[in-house]
Amino acid sequence: MLEKKIEDKSARIAVTGLGYVGLPLAVAFARAGYRVFGLDVQKKKADAVNRGESYIGDISSEDVAAFVKSGQLTASSDFSLLEQADCVSICVPTPIDKNKVPDTSYISNVSDIVRKYMKKQQLVVLESTTYPGTTEEVVLPILARDGKKVGHDFFLAFSPERIDPGNRLYGFSKVPRVVGGVTGRCTAIAASLYEHVVPSVFRVDSPKVAEMSKLLENIFRIVNISMINEMALLCDRMGIDIWQVVDAASSKPYGFMPFYPGPGLGGHCIPVDPFYLSWKAKEYDFYTRFIDLAGEINDMMPHFVVTKVGYALNTVGKSLKNSKILVIGVAYKRDIDDIRESPALSVIQILQKKMAKVTLCDPYVPSVTIGNRAYTSHRAVTEKLVASADAVLILTDHSAVDYNLIGRHADIIVDTRNAMHGIRKRKVYKL
């Protein structure tokens, strides 16, 4: 029985998609004592894993190398290895297009491959964040196409990933997981697997509940972040320091949770996931006004930041056109190399259109292409680099950046992250 294999760890695990979600999951299963196959269409990722190299900041190459050497972890672009697996985790992208319409083609494609190599009594768990109904409306019909019966011939569940890149306090093995299966036995089997790699599993009645729970987590954040960004826009007009306002409100020991403004939203979840629900809700003749409004406010922030830079330059008789702007930080948040949906990309694209001359400094992102231009990033600020800029724009508050040096040598500083707090005030224009 599959349950016995999971318990004695003789079950073989296949993880499809070796990105920010899949690689940590594969390593976690290997650490728990399972033999793991990591599968990815990008051969370079599989080759890197087999060399013992990690390309994900939260996963050390030492760990990858140790598990590869022990034989517990192997990677490949050959998806026929799926027929050797007892459990399959699907960790593929679920992007949205420019109209915020979900693209589930990656899920459909890998589900069809899983079906092709599926063996009897195999567990399939979808981890990719998506709209409620995807597991049963997209994955299940594909896996059952050959007449196999869910809950008997194979088992299907949804367990949303909870990866927060760069979070040292709540790494993969410290965060509980939600599991919802198509049948009761599907839930039980999936939960029994995840109980070996996380501290606890919260079982729910269906995949839809699990899918919705993931979206609720991120909708809670996008709505609150958009609210504080709107407050920041108002405080800017009123001449009030929004950062002091948040700190003051945070002194209340109950009924308040601090959120902070910024140049926009970034990362693999918050700017994207809520709009899966917004799209799906229309099928039920329902309009998610909070989500849509939050999206509008946060989409405004990069434009506001550029306007702020233009205003700061105007105070010294300069325009954005041909001004040298040193951008600090391209990653979507501090101390990581992840640029997915980073607001810095939008800000820089707007600066490009305004014909500003942009230079980048990010200790974690060595190079990046934005629009049709490739940038090589400076890894550290220097007196010469800062002094040569007409304005320094702080978009990501990496802790390795010398903000004291920036304070001493920059003519103008536009700070969207409160990184200059307590350092120097005279030339700083805050969000």
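Guide: A helix here is a DSSP run of H or I with at least four residues, and helices are numbered from the N terminus. The model is predicted, and in this predicted model Ile240 falls in the loop between helix H8 (207–238) and helix H9 (242–250).

Visitor: Why is Ile240 called partly exposed rather than buried or exposed?

Guide: Buried means under 20% relative accessible area and exposed means over 50%. Ile240 has a relative accessible area of 39%, so the residue is classed as partly exposed.

Visitor: What makes Ile240 eligible for a surface patch, and which residues make the patch with it?

Guide: A patch residue needs over 30% relative accessible area and no salt bridge, and the 39% of Ile240 therefore passes the area cut-off. Together with Leu234, Met238 and Val245, Ile240 makes a nonpolar surface patch of about 340 Å².

Visitor: What makes the contact between Glu137 and Lys280 a salt bridge?

Guide: The cut-off is 4 Å between a side-chain nitrogen of Lys or Arg and a carboxyl oxygen of Asp or Glu. The N to O distance for Glu137 and Lys280 is 2.9 Å, so the pair counts as one. Glu137 lies in helix H6 (residues 134–143) and Lys280 in helix H10 (residues 274–281), so this salt bridge ties together parts that are 143 residues apart in sequence.

Visitor: How do you know whether Glu137 and Lys280 are buried or exposed?

Guide: Lys280 has a relative accessible area of 5%, which is under 20%, and is therefore buried. Glu137, at 37%, is partly exposed. Lys280 also meets Glu283 in a salt bridge of 2.9 Å, N to O, and Glu283 counts as exposed because its 53% relative accessibility is over 50%.

Visitor: Why do Asp338 and Arg340 count as a salt bridge, and in which accessibility classes do the two residues fall?

Guide: Their side chains meet at 2.7 Å, N to O, which is within 4 Å, so the definition is met. Asp338 counts as buried at 0% relative accessibility, whereas Arg340, at 27%, counts as partly exposed. Elsewhere, salt bridges with shared partners join Asp112, Arg115, Arg145 and Asp146 into one network, and a search of the whole structure finds 25 salt bridges.

Visitor: What makes a residue part of the lining of the largest pocket, and which residues lie nearest its centre?

Guide: A lining residue has an atom within 4 Å of a pocket point. The largest pocket, with about 1,300 Å³ of space, is lined by 37 residues, of which Asp164, Arg221, Ile270, Tyr332 and Lys333 lie nearest the centre. H8 gives the most to this lining, with six residues, and by class the lining has 18 nonpolar, eight polar and 11 charged residues.

Visitor: Where does Arg340 lie in relation to the second largest pocket, and which elements give two or more residues to its lining?

Guide: Arg340 is among the residues nearest the centre of the second largest pocket, along with Cys91, Val92, Pro93 and Thr94, in a lining of 39 residues. Helix H3 (43–50) and helix H5 (105–117) are the elements that give two or more residues to that lining, and H5 gives the most, with four residues. The second largest pocket has a volume of about 920 Å³, and its lining has 19 nonpolar, 11 polar and nine charged residues.

How values were computed. Residues are numbered from 1 along each chain as its sequence is written. This is a predicted model: local features need pLDDT of at least 70, side-chain atom pairs count only at pLDDT 80 or more; totals for chains, interfaces and linings use all residues. Side-chain values use heavy atoms; hydrogens and water are left out. Patches are made of residues with over 30% relative accessible area and no salt bridge: like charges are joined within 9 Å, nonpolar side chains (Val, Leu, Ile, Met, Phe, Trp, Tyr) within 5 Å. Accessible areas come from the Shrake-Rupley method with a 1.4 Å probe; for residues, only the protein chains shown count as cover. Buried means under 20% relative accessible area, exposed over 50%, partly exposed in between (1.4 Å probe, protein chains only). On a 1 Å grid over the protein atoms alone, a cavity is a set of points where a 1.4 Å probe fits but cannot get out, and a pocket is an open set with protein on both sides within 12 Å along at least five of seven lines; lining residues have an atom within 4 Å of a point. Grid points are joined across faces, edges and corners, and a volume is the space filled by probe spheres set on the points. Ala, Val, Leu, Ile, Met, Phe, Trp, Tyr, Cys and Pro count as nonpolar, Asp, Glu, Lys and Arg as charged, and the others, Gly among them, as polar.
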